[in-house]
Each structure stands twice: as C-alpha cells, then as structure tokens.
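This report goes through one protein chain, from its overall make-up to single residues. The sequence and the coordinates come first.

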Amino acid sequence: MKTVLTTFAFLFSLSFLNAQSLPSSKWTVGAFYSFLIDPASEIEPGVFDKITEHYLNIHAKYKIHKRWGIPLETIFSKNKLSSRTNPENPFFVVGTGVEFDVLPQDRFELNFRLGLSVGNLLFTGDQDLPQREWVLNRVIGGNFAFKTYRYFWLSLGYYNHLPLGDIKYKYGFALPFLGVEVKL
C-alpha cells in the first residue's frame, strides 16, 4: 500500500510540474508546398532527363512539454519526367516522430525533428527515378518558425526522408520549405 501511495504521489507531482511547463498553445496545424527541379541527367547517350517534383505537406503537432512535441504529417507528391513516360502519380507518405525546440520563446522557435515515415514514394536505381514501392523512411530535419500575427506563424525548414532497409541504389527525398502554421 505504501508503494501505491508513493507512486501516486510521484505521478501527481510530475503531472503538476508538467502542467506548469506547458505553453498556452498545445496544438499546431499547418501546411507547406515544395517545388523542386532536379538537374538534367544523362539517361542514355545524348538523352537527358530532369525530374520536376511537387510536394504538399499537411501537418499537426502536439506539444507534450515546453520543448518537446509530437508531429504528424501527410505528404502528397506528384513527379514529372521531361523526356519519358511520367510515373504513376500521386505518391503518398505519412509520418510521425519527435521534435525538440532548442530556443523556446514566445515569438520564435527552432525545432529539430527525428522520426519515421511510410509511403509509396521511393527514388532508386542508377537514374534516381521515382517509383511506386512501399518503403519505411527515417526523417531528419529542422525548421525555424516565427510569429507573424496572433496565432499565425511562418515556418522555414528542411526535412529529409531517407529509406531504411536493404534497397540497392536508394535515395531519400528532401523537402526544403516555407509554410504557414496556426497555433491553437
């Protein structure tokens, strides 16, 4: 009985301390669009190809502490090739992870993210072409966000989704972005 009471007292004090450290805005929702053009590469002698990539990221984050958050994201992607048949579009990726805010301030934040994502977008092969194959990715990146007006924030960052597993000639996809977020 003494162990139960001690455990209860410890958990109660932790929840009280945690409630004191939470910011007023626990939820963040946002979106960003990325447009990338890969440089032309020679796929056959005298035949060059370039890939145009469009990414739409819709995300939410729940702050579990002043510095820590849990992001959830959904990414839609469309890829076009300049000289060949286009791949089957659109591609779809979902992910989650953990974010750490290095500079927790009222007007700006600097976040680093580690996480996992799963989707059907894979860049593989000696020509770095997009393929529809289910793959698990590790997510590494960061962003800088600053408050623009009341609940609205502007976010600038970079996320890289790197495939896990034994895949020959695998490449990750990168998402440099400028987006808008709303803190609720």
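A residue is called buried when its relative accessible area is under 20%, exposed when that area is over 50%, and partly exposed in between. By this rule, 35% of the 184 residues in the protein chain are buried. The model is a predicted one.

## Overall make-up

The protein chain holds one helix and 11 strands. Along the sequence their order is α-β-β-β-β-β-β-β-β-β-β-β. Among the contacts in the protein chain with a separation of 6 or more, 56% are between residues 24 or more positions apart. The accessible surface of the protein chain is about 11000 Å², and carbon and sulfur atoms account for 66% of that surface.

## Strand pairing around strand 8

Strand 8 covers residues 129-149 and pairs with two strands treated here. Strand 7 (108-124) runs antiparallel to strand 8, and 16 bridges join the two. One position in this pairing is F112, whose bridge partner in strand 8 is G142. Strand 9 spans residues 152-163 and pairs with strand 8 over 12 bridges, again in the antiparallel sense. Here Y149 stands opposite F152 of strand 9.

What value does phi of R150 take? Phi of R150 is near 45 degrees, which is positive although the residue is not glycine. R150 is placed in the loop between strand 8 and strand 9, and the hairpin of these strands has two residues between them. With a relative accessibility of 58%, R150 counts as exposed, because the cut-off for that class is over 50%.

## Nonpolar surface patch

A nonpolar patch on the surface is formed by Y33, F35, I37, L56, I58, F76, F92, V94, L116, V118, W134 and L136. Together these residues have about 1100 Å² of accessible area. Strand 1 (27-37), strand 4 (51-63), strand 6 (91-101), strand 7 and strand 8 each supply at least two residues of the patch. Which strand gives the most to the nonpolar patch? Strand 1 does, with three residues. In a regular strand, side chains alternate between the two faces of the sheet.

F35 is a patch member located in strand 1. F35 has a relative accessibility of 43% and is therefore partly exposed. V94, also in the patch, belongs to strand 6. Its relative accessibility of 30% makes V94 partly exposed. Leaving aside neighbours within four places in sequence, V94 is in contact with E73, T74, L116, S117 and V118. E73 and V94 are 21 residues apart in sequence, and their C-alpha atoms are 5.6 Å apart in space.

T52 lies in strand 4. Is T52 buried or exposed? T52 is buried, with a relative accessible area of 16%. Not counting residues up to four places away in sequence, T52 touches F35, L36, I37, K78, N79 and K80. Of these contacts, F35 and I37 are patch residues.

## Aromatic pairs

The whole structure contains eight aromatic pairs. Two of them are listed below.

| Pair | Centre to centre | Angle between planes | Class |
|---|---|---|---|
| F108 and F144 | 6.0 Å | 35 degrees | tilted |
| Y159 and F177 | 5.1 Å | 35 degrees | tilted |

F108 is in strand 7 and F144 is in strand 8, so their pair ties together parts that are 36 residues apart in sequence. F108 is partly exposed at 30% relative accessibility. F144 is partly exposed too, with a relative accessible area of 33%.

In the other pair, Y159 lies in strand 9 and F177 in strand 11 (residues 173-183), so this pair ties together parts that are 18 residues apart in sequence. Y159 is buried at 3% relative accessibility, and F177 is buried at 6%. F32 joins Y159 and F177 in one aromatic cluster.

## Points in brief

Strand 8 is joined to strand 7 by 16 bridges and to strand 9 by 12. The surface carries a nonpolar patch with about 1100 Å² of accessible area, to which strand 1 gives three residues. Of the aromatic residues described, Y159 is buried and so is F177, while F108 and F144 are partly exposed.

Methods. Residues numbered from 1 in each chain as written. Predicted model: local features only at pLDDT ≥ 70, side-chain atom pairs only at ≥ 80, totals over all residues. Heavy atoms only, no water. Patch = residues over 30% accessible without salt bridge, like charges linked within 9 Å, V, L, I, M, F, W, Y side chains within 5 Å. Areas by Shrake-Rupley, 256 points an atom, 1.4 Å probe, with all protein chains shown as cover. Salt bridge = Lys/Arg side-chain N within 4 Å of Asp/Glu carboxyl O. Helix = DSSP H or I, 4+ residues; strand = E, 2+ residues; numbered from the N terminus. Buried < 20%, exposed > 50% of the residue type's maximum accessible area, 1.4 Å probe, protein only. Pairing = 2+ DSSP bridges. Contact = heavy atoms within 4.5 Å. Phe/Tyr/Trp six-rings, centres within 6.5 Å; stacked < 30°, edge-to-face > 60°.
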